[in-house]
Each structure stands twice: as C-alpha cells, then as structure tokens.
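User: Please take a close look at one strand and its pairing. Then work outward to the sheet, the rings and the cysteines.

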Amino acid sequence: MNKLLKGFFSMIVGLFSLLGIFTLLEYRPRDKEDLQITSPKSLDKKEVRILSYNIGYASLGKGQDPFIKRGKKPRPQSKDVVQNYLGGLAEEIKNHPADFYLFQEVDLDSKRSYGINQKEFFERELGLEGNFAYNYKLFYLPLNTGRIRSGLLSLSSYRPQQAYRKSLPQPFCWPLRMIRLKRCLLVEEYEIEDSHKNFILINLHIEASDKGEGKILQTRELLRLAQEYYKQGHYVVAGGDWNQTFPGGEIYPQLSKEVWMPGTLLKEDLLPGWRYVSDPTTVSARSGEKPYKQDQVYLIDGYLLSPNLEELSIQNLDYDFFFFFFY
C-alpha cells in the first residue's frame, strides 16, 4: 500500500510539474505587436491579384493523416517528403503569379516539418520579402510532434508602410489553452500612389478546434478592425483560412458525424456593402482523419471585401489535394 501511495504521489507531482513547465513557457503574445518594415514601396495600380494558400506546413498532402487533424501519423515519413511538398507548392504558386501572397500554417522551425524554415524557402523561391506573425509557438507537443514554430506569412514585391500582429480572442481556458494556437491577424498597411487612402491587407487563420464560439468572436473582431479602417476611407481585403463555410459552400454536405465540421460565416454580422467572396464551384479543404479518397470536403477559404472594392474574378485552384489540405 505504501508503494502504491508513493507511486500515486509521484505521478501527481510529475503531472503538476509538467503543467508548471507548460505554464511557465506558454506563448503569451501582446494584443498588438509591430513588425519591422524596411524600404516601404507604395502600391501603383488599381487592380491587384491576391493568392491565399494554407500550405499545411508542407506536410499534409493527399496521403497524410496527421494525428493533429485526428489522424494517425505524427508527421510525414521523412524530410524528403516535406521538401517534395515544398517544391511542388512553389512550382504551382509560380504558375499563378500574384501581387500579394497570403500563406497560413507556415513553419519556421518545427519538428513536425523537420526543422525547415519555410518562410525563408518561399522568400527565396519567389524572390520576395515577407512579413511573418506567429500563431503557434510551443516548446513541446507530445506524441513525436515536438517543438512547433508556425504562423502567417504575407509576401509581396510591394512593402507596407506599417505591419503588425493583432491577437484574436482566445476561446480556450487553462490548461488546454497552453497547447492551442494563439490565433491572430497579420495586418499590412500599404500606401497608394497619388492617393490619401491606404490599401489594408489582412492575413488570417480563424480557430478550428473550438465548438463555434471562438470562430464567431474572432470573426467579429476582424470585422470590427476592418470597419475601423473603412470608416477612415481605406480599402480593406481580408483573406485566408476562415474555418467557416462561405456562401455557396452549403452544397457540400456533412457525410459523417465523425468528421470535423466548420462553422458558418454569419451574413448578419456584415455591415451594408461588405461581402464574403469565394469560389463555390471548387472546394478548398478536406477532412484529415485519413488519407484522402474523395471524402469530406469544405469551402472555407476566401476573402472579405470592403464596400469600396470590386471583385473582378475569384477562383479556387483544384489539385485534388495532392500537395496539401487545410483546416
């Protein structure tokens, strides 16, 4: 009995010690963190092309089923797999040149993607300078996933006058909060030549793992910030992975109660003139519980546009999830 009590006591002490370490080392970003900008370059055109891409840390191709997405694998089989995904992603991105690139789930130094600095990779491949905002900084995640350093990356040949990381509401409480993503917006303010207005570009990746309240709170915070800029006369585009179904996405029904399901973007939250735009003819994400074989799909990626902007066209690129998936 004494040995049993000692063992139980040791287990409790170990658990509290582990919780103490995670609490001490928890990533606690400020509400707003300015990013360093060098050599601002103003926008010199009235029509721009934007490409938004959740790259899934170049580790979530068609054959992957990571446990972090309710699958079985902690990470791809080898570093070569990640490098091959990166190479494929870069080539396809080059085939669709844009003025602005908004990437989500970009790893800087994570065990799950074999320590490859993906920000530097895309900057080098595209010949562009980027701004980066962390939304996941964890010293250790169990089950062989290990250290995670990941976030949002925005790239362009133009350079903003100002850029910052804006924290979003956190739906999780301690202790679960310690290992969850700290969701944020990557906000860039571009001056426009011969104009007193600015072009505001917001990169985002809204909460995925909550029961719905976090998605709503985070989206409303985004809408509040976007409206502030618009009231000042600026042009605003917010794009990325919303983890919520866009208008038109209802045609892709839930196939099973066992799979993850997104929230729904609430049109009633939009002020007059604001709109969500996406391409309902092509899905943008799949479930990750198993390797992809035409299973559950979603339309959760797209843009928010302010009333003073016009969408000329929008298209989701269809690779049948060969390189990636996201949610």
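Analyst: Start with a cut-off: a residue counts as buried when its relative accessible area is under 20%. The model is predicted. By that cut-off, 5 of the 6 residues of strand β6 (residues 162-167) are buried, so the strand is largely enclosed by the rest of the structure.

Now its partners. Strand β1 (residues 32-34) joins β6 through 3 bridges, and the two run antiparallel. Here K32 stands opposite K166 of β6. Strand β7 (residues 184-191) also pairs with β6 in the antiparallel sense, over 6 bridges. In that pairing, Y164 faces V187 of β7 as its opposite number. Such pairing in a sheet goes through backbone hydrogen bonds, parallel or antiparallel.

Strand β7 (residues 184-191) leads on to two other topics, cysteines and rings. C184 is buried, because its relative accessibility is 1%. C173 is exposed, because its relative accessible area is 60%. What does a search of the whole structure find for disulfides? It finds 0. A disulfide would be a covalent bond between the sulfur atoms of two cysteines.

Next, the rings. The whole structure holds 15 aromatic pairs. Y190 and F199 make one of them, a tilted pair with centres 6.3 Å apart and 40 degrees between the planes. Y190 and F199 are both buried. W260 and Y298 make an edge-to-face pair: 5.1 Å centre to centre, with 85 degrees between the planes. W260 sits in the loop between β10 (244-245) and β11 (263-264), and Y298 in strand β14 (residues 297-298), so this pair ties together parts 38 residues apart in sequence. Both W260 and Y298 are buried.

Two rings carry a charge above them. The charged end of R180 sits over the ring of F172, 4.8 Å from the ring centre. The charged end of R75 sits over the ring of Y114, at 3.9 Å from its centre.

Ring pairs also link Y53, Y101, F103, F121 and F122 into a cluster. That brings in another sheet. Four strands form this open sheet, in the order β2-β3-β5-β4, with mixed pairing. Which strands stand at the edges? They are β2 (50-54) and β4 (129-141); each has a single partner strand, so one side of each is left without a neighbour in the sheet. From one strand to the next, the twist averages 10 degrees.

At one edge, β4 runs antiparallel to strand β5 (residues 146-156), joined by 10 bridges. One position in that pairing is N131, whose bridge partner in β5 is S154. Helix α3 (residues 118-126) lies across β3 (100-107), β4 and β5. The helix runs at about 150 degrees to β3. As a general rule for a regular strand, side chains alternate between the two faces of the sheet.

One more buried position closes the survey. R286 belongs to strand β13 (residues 285-286). Is R286 buried or exposed? R286 is buried, because its relative accessible area is 0%, and the cut-off is under 20%. R286 and I300 are 14 residues apart in sequence, and their C-alpha atoms are 9.8 Å apart in space.

Back to the strand in question. β6 pairs antiparallel with β1 over 3 bridges and with β7 over 6, and 5 of its 6 residues are buried.

Definitions and conventions: Residues numbered from 1 in each chain as written. Predicted model: local features only at pLDDT ≥ 70, side-chain atom pairs only at ≥ 80, totals over all residues. Heavy atoms only, no water. Phe/Tyr/Trp six-rings, centres within 6.5 Å; stacked < 30°, edge-to-face > 60°. Buried < 20%, exposed > 50% of the residue type's maximum accessible area, 1.4 Å probe, protein only. Lys NZ or Arg CZ within 6 Å of the ring centre and 35° of its normal. Disulfide = S-S within 2.5 Å. Pairing = 2+ DSSP bridges. Axes fitted to C-alpha atoms, helices over the stretch in contact; angles between N-to-C directions. Contact = heavy atoms within 4.5 Å.
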